[in-house]
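Q: I'd like a close look at one small part of this model, and then at what surrounds it in the chain.

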Amino acid sequence: MEIKCIPCNTLGTNCYIVSCPQTKQGVVIDAGGNAEQIMQYVQATGLEIQFVFCTHGHFDHILAAPQIKQATNAPIVIHAEDAPAFTQTGAAGLPKNMGFAPPDILAADGHSVTVGSLVFDWLHTPGHTRGSCTIRCEDALFTGDTLFFEECGRCDLEGGSYPTMLQSLQKLAGLSGEYRVYAGHDRSSTLSHERAHNPYMLEATR
């Protein structure tokens, strides 16, 4: 598995391009902007993008998704609870002057997609939004705005819930084994580090 991180807007959203080195097939996770830079990397590496994944529906994670879809013909995937962000102006943090075509695939907890030799599993981890998800692939967790380095996502926006966030952090902490954590903002981490040092995860697992 190869992972490329491209910071993609003024809010510092991390867009991840995850690919199978054997087949050169891949996915784009959280295309929140900088569509041109994302596509430059895709074209320079000869990747064939199969899906555009959105961990949740806030605008800084979906802004460039329609452009990536148009350039690659890859379907957009998001949890059903956050799908309205694409069609209802102002929903789930989307600016009121925006509105996109509906996403192509509505994911749910347990949704699984195979791309080349890679298997992507969707874990529903609400709390930041109702449809927030963590996407698991091999030993990597793409946590969106659920889990950050020693932090968690905001719960005071529309669809957010702190008690629900704690349940989601407990769910992630309970995963067996070790994982690399690729967050939607800021630096990467490991699940063992977050289990030991993240105050919100510690509260969730008391």
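What is the relative accessibility of aspartate 30, and does aspartate 30 count as buried or exposed?

A: Buried: aspartate 30 comes out at 2% relative accessibility, where buried means under 20% relative accessible area, exposed over 50% and partly exposed in between (1.4 Å probe, protein chains only). Bear in mind that this is a predicted model, with local features needing pLDDT of at least 70 and side-chain atom pairs pLDDT 80 or more, while totals use all residues. Numbering runs from 1 along each chain, and side-chain values use heavy atoms, without hydrogens or water.

Aspartate 30 sits in the loop between strand E3 (25–29) and H1; helices (H or I, at least four residues) and strands (E, at least two) are DSSP runs numbered from the N terminus. The backbone is worth a look here too, as aspartate 30 has a positive phi of about 60° despite not being a glycine. Asparagine 34 lies in the loop between E3 and H1 as well, and its phi is near 55°, again positive in a residue other than glycine. Asparagine 34, though, counts as partly exposed because its relative accessibility is 36%.

Follow the chain out of that loop and you meet the largest nonpolar core, which has 24 residues (buried Ala, Val, Leu, Ile, Met, Phe, Trp, Tyr and Cys joined through side-chain atoms within 4.5 Å). H1 gives the most to this core, with four residues. The elements giving two or more residues are strand E2 (14–20), helix H1 (35–45), strand E4 (48–53), H3 and E5. Ile17, Val28, Ile38 and Ile68 have the most contacts inside the core. As a rule, in soluble globular proteins, nonpolar side chains tend to be buried together.

H3 also takes us to the charged pairs. There are five salt bridges in the count, each a side-chain nitrogen of Lys or Arg within 4 Å of a carboxyl oxygen of Asp or Glu. One of them joins lysine 69 to aspartate 104, with the closest N and O atoms 2.9 Å apart. Lysine 69 belongs to helix H3 (residues 65–72), whereas aspartate 104 is in the loop between strand E5 (76–79) and strand E6 (105–107), 35 residues apart in the chain. Lysine 69 counts as partly exposed at 26% relative accessibility, and so does aspartate 104 at 40%.

Another salt bridge pairs lysine 171 with aspartate 109, at 2.8 Å between the closest N and O atoms. This one spans 62 residues, from helix H4 (residues 162–173), home of lysine 171, to the loop between E6 and E7, where aspartate 109 lies. Lysine 171 is partly exposed at 33%, as is aspartate 109 at 46%.

E7 brings in the open sheet, whose six strands run in the order E7-E8-E9-E10-E13-E14 with mixed pairing; two strands pair if DSSP finds at least two bridges between them. Its edge strands, each pairing on one side only, are E7 (112–115) and E14 (189–190). Strands E9 (residues 133–137) and E10 (residues 140–144) pair antiparallel over three bridges, and isoleucine 135 stands opposite phenylalanine 142 in E10. In the loop between E9 and E10, aspartate 139 links to arginine 180 of strand E13 (residues 180–183), 41 residues apart; their side chains meet in a salt bridge of 2.7 Å, N to O. Arginine 180 is partly exposed at 31% relative accessibility, and aspartate 139 is partly exposed at 34%.
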